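I'm opening a notebook on a structure that is new to me. My plan is to look up one thing at a time and jot down what turns up.

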Amino acid sequence: MTIRVGILGYGNLGRGVECALKQNPDMELAAVFTRRNPDSVKILTEGVKVYHADEAEKMADQIDVMILCGGSATDLPVQTPKFAKLFNVVDSFDTHAKIPEHFAAVDAAAKEGGHVGMISVGWDPGMFSLNRLYAECVLPVGSNYTFWGKGVSQGHSDAIRRVEGVKDARQYTIPVDAALDAVRSGSNPELTTREKHTRECFVVAEEGADLARIEQEIKTMPNYFADYDTTVHFISEEELLRDHAGIPHGGFVIRSGKTGWNQENTHVIEYSLKLDSNPEFTSSILVAYARAAYRMAKEGQSGCKTVFDVAPAYLTAKSGEELRKEML
């Protein structure tokens, strides 16, 4: 049976989901929902309609999983609980400090509606979360380290764009090389947030906006910039389009741990990503977990789930027999 997928929000992430669905023949795009005028949104898939977001609740019987492609700052905390009452949903909520409260809200809504609500699906949180967990299970004596970048953070860029007076923005997360080298040495250094990364922001301000206020608001933003050395550059819209049009990213999860009776042996596990397109890679993960959400719901499961709750076999279109033969 083909899994019918809806997309809510047609920005970079929504377009990435549409592209990813093309690569998964057991899934199909059923509809796209937007808060904009639907007539102004042109999608790539022929024969699929674009609807206003307010029409989504009328189509609960036509969509197996709704993939929510809004931002974590203000969209998903409202949208995911709302739509989890109506659909199986998947989101990419990435404000790490607020995941517990987001989980609680989505869990209550999804259980009320009898659906599966899959949250915080992406590469971090998401794939990196799994790597941290697996590595810690294998090497319980040791330390986890996560580095992001160099690359454009969609969530952080979106958070800057929400600041009054900001027309557009890109935010780059940059690992500190000295910190990376220390971790790879196996010495288990204790590093503060500020010692591991810097943040660099390129901002296009509205005409006449208070640049000093914008810079201060960005640098003091909790959960995003307050704990980092942050540089803010004000540039023209032309410069942003010329020099910062792409959305690359990447990062590293490193676990340094000890084994042996006297902890005499050191091991370093490293997982890395280098991405041409952050949103397209994130979208591909969302689509795989949409398959899992659909299957878990078919089994009668409900409530909020994270990547920790999903067995790998739920993510693939391959059968158990194929997995054992080809990949084990």
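**Starting with the strands**

I began at Leu-8, which stands opposite Phe-33 in S2. That pair belongs to strand S1 (residues 3–8) and S2, which run parallel and share six bridges. A reminder to myself before going on: this is a predicted model.

Next I followed S2, residues 27–34, to its pairing with S3. Those two also run parallel, joined by three bridges. Phe-33 turned up again here, opposite Tyr-51 in S3.

How many residues of S2 are buried? I found six of the eight, so S2 is largely enclosed by the rest of the structure.

**The whole sheet**

Then I zoomed out. What is the order of the strands in the open sheet? I read S3-S2-S1-S4-S5-S6-S14, seven strands with parallel pairing. Which strands stand at the edges? They are S3 (50–52) and S14 (303–305). Each has a single partner strand, so one side of each has no neighbour in the sheet. I also noted the twist, which averages 25 degrees from one strand to the next.

**A glycine in H1**

I looked up Gly-14 and found it in helix H1, which covers residues 12–22. Gly-14 is buried, at 0% relative accessibility. I also checked how far Gly-14 is from Thr-34: the two are 20 residues apart in sequence, and their C-alpha atoms are 10.0 Å apart in space.

**The S12–S13 hairpin**

On to another pair of strands. S12 (residues 249–259) and S13 (residues 265–275) are antiparallel and pair over eleven bridges. Within this pairing I picked out Lys-258, which stands opposite Thr-266 in S13.

The two strands make a hairpin with five residues between them. In the turn, Gly-260 has a positive phi of about 100 degrees. Gln-263, in the loop between S12 and S13, also caught my eye. Its phi is positive too, near 55 degrees, and Gln-263 is not a glycine. Is Gln-263 buried or exposed? Neither, as it turns out: Gln-263 is partly exposed, with a relative accessible area of 43%.

**Backbone oddities**

I kept a general point in mind for this page: most residues other than glycine have a negative phi, and most peptide bonds are trans.

Where is Ser-120? I found it in the loop between S6 and H4. Ser-120 has a positive phi, near 55 degrees, although it is not a glycine. Ser-120 is buried, with a relative accessible area of 5%.

The loop between S6 (116–118) and H4 (127–138) also holds Pro-125. The peptide bond from Asp-124 to Pro-125 is cis, and its omega is near 0 degrees.

I noted another cis peptide bond, from Gly-149 to Lys-150, again with omega near 0 degrees. Lys-150 lies in the loop between strand S7 (142–148) and strand S8 (151–152).

**Checking the cysteines**

How many disulfides are there? With a cut-off of 2.5 Å between cysteine sulfur atoms, the count is zero.

I wanted the reason, so I took the cysteines in turn. For Cys-19 the closest cysteine sulfur is in Cys-69, 12 Å away, which is too far for a bond. For Cys-304 the closest cysteine sulfur is again in Cys-69, at 17 Å, too far for a bond as well. Their surroundings went into the notes too: Cys-19 is partly exposed, with a relative accessible area of 34%, while Cys-304 is buried, at 4%.

**The second largest pocket**

Last, I went looking for empty space. Rolling a probe the size of a water molecule over the atoms shows where such space is left.

I looked at the second largest pocket, which holds about 250 Å³ of space. Which of its 16 lining residues are closest to its centre? I wrote down Ser-72, Ala-73, Thr-95, Lys-98 and Tyr-224. Helix H3 (residues 99–113) supplies the largest share of this lining, with three residues. Sorted by type, the lining has eight nonpolar, five polar and three charged residues.

Definitions and conventions. Residues numbered from 1 in each chain as written. Predicted model: local features only at pLDDT ≥ 70, side-chain atom pairs only at ≥ 80, totals over all residues. Heavy atoms only, no water. Buried < 20%, exposed > 50% of the residue type's maximum accessible area, 1.4 Å probe, protein only. 1 Å grid on protein atoms, 1.4 Å probe; cavity = no way out; pocket = protein on both sides within 12 Å on 5 of 7 lines; lining within 4 Å. Points joined across faces, edges and corners; volume = space filled by probe spheres on them. Helix = DSSP H or I, 4+ residues; strand = E, 2+ residues; numbered from the N terminus. Nonpolar A, V, L, I, M, F, W, Y, C, P; charged D, E, K, R; others polar. Pairing = 2+ DSSP bridges. Axes fitted to C-alpha atoms, helices over the stretch in contact; angles between N-to-C directions.
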